[in-house]
Amino acid sequence: MNVFGVDIGGSGIKGAPADLDRGALAQERHKVLTPHPSEPKAVVGAVQEVVRHFDWRGPVGLTFPGVVVDGHTRTAANVDKGWIDLDAGALFSDALGLPVAVVNDADAAGLAEVAYGAGKDRKGVVLLLTLGTGIGSALFIDGALVPNTELGHLELHGKDAEKHASSAAKEEHDWSWAHWAERLDDYFAMVEQLFSPQLIIIGGGVSRKADKFLPLLKPLRAEIVPAQLQNDAGIVGAAMAAAKLG
Ligand code: BGC
């Protein structure tokens with residue numbers, strides 16, 4: 001079955017029909033630049049452009065980089081503050097004239113990884129962490145998601161953890177891989193102490209370069225592996241959320 005997924009990211013808004021039998025994109029994705037400022041109206045316009053590109057008629061799943069409960073976006077750490085306490089589900093659905101599901105971006109990536117990728121068939125506590133502009137988290141127990149865990153905002157050395165260890169912070173401060181790995185050690189040690197996951201999956205764009213930093217990390221009790229769907233995880237996971245709309 002094909003369902004449309006859209007991944008709303010800091011730099012690009014990417015969408016495609018996803019083939020949920022295979023957990024892969026059914027067609028090449030279409031990408032437009034994320035508007036800046038990322039106000040709701042401007043983002044809705046960009047999403048319309050992506051969906052229209054495919055002339056899609058059917059449910060649409062969308063990721064959002066903040067807390068989402070029942071289609072309402074509650075927080076906006078790295079996007080325009082106009083998203084706080086907005087009925088984003090209704091906004092997108094009215095604009096597209098289609099049923100929509102809105103889901104946190106890391107939760108979407110986690111859903112896809114647990115169904116088709118690095119977390120497939122894994123029991124127990126599995127945690128996906130996306131290292132990007134922020135740090136996103138998706139927590140699973142026996143394959144079931146606990147949504148909106150927001151572990152990027154745990155406090156580490158008196159700061160938001162994502163300021164201490166995201167890949168955007170690495171870029172901004174021009175940290176070496178070795179220095180960044182030390183910061184990740186602190187962060188992962190804290191997360192492990194709190195949640196004791198059996199498996200940690202590292203997602204986000206930088207997971208493509210996992211060989212540069214995963215071997216530098218201090219050993220954890222948890223197994224730690226890179227995500228497998230990489231760029232497509234958000235689109236596939238958003239489509240999975242929309243498939244549940246029935
Ligand atoms: C947001 C999360 C999001 C993560 C990755 C954080 O700042 O609070 O909701 O999943 O960034 O985009």
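## Helix H1, its cover and the cores

Strands E1 (2-8), E2 (12-19), E4 (30-33), E5 (60-64) and E8 (86-87), along with helix H2 (88-96), are among the elements that cover the buried residues of helix H1. Here, helices (H or I, at least four residues) and strands (E, at least two) are DSSP runs, numbered from the N terminus. Keep in mind that this is a predicted model, where local features need pLDDT of at least 70 and side-chain atom pairs count only at pLDDT 80 or more. Residues are numbered from 1 along each chain, and side-chain values use heavy atoms, leaving out hydrogens and water.

So what does H1 tuck away? Buried (under 20% relative accessible area, 1.4 Å probe, protein chains only) are Pro40, Val43, Val44, Ala46, Val47, Gln48, Val50 and Val51.

Val47 and Val51 turn up again in the largest nonpolar core, where they are among the residues that touch the most other members. Such a core is a set of buried Ala, Val, Leu, Ile, Met, Phe, Trp, Tyr and Cys residues joined through side-chain atoms within 4.5 Å. This one has 55 residues, and helix H8 (residues 233-243) gives the largest share, seven residues.

Now for some rings, which pair if their centres lie within 6.5 Å; planes under 30 degrees apart count as stacked, over 60 as edge-to-face and the rest as tilted.

| Pair | Centre to centre | Between planes |
|---|---|---|
| Phe4 and Trp56 | 5.6 Å | 45°, tilted |
| Phe64 and Trp83 | 5.1 Å | 45°, tilted |

Phe4 lies in strand E1 and Trp56 in the loop between H1 and E5, so their pair ties together parts 52 residues apart in sequence.

Definitions and conventions:
Buried means under 20% relative accessible area, exposed over 50%, partly exposed in between (1.4 Å probe, protein chains only). Contact means heavy atoms within 4.5 Å. Rings of Phe, Tyr and Trp (its six-membered ring) pair if their centres lie within 6.5 Å; planes under 30 degrees apart count as stacked, over 60 as edge-to-face and the rest as tilted.
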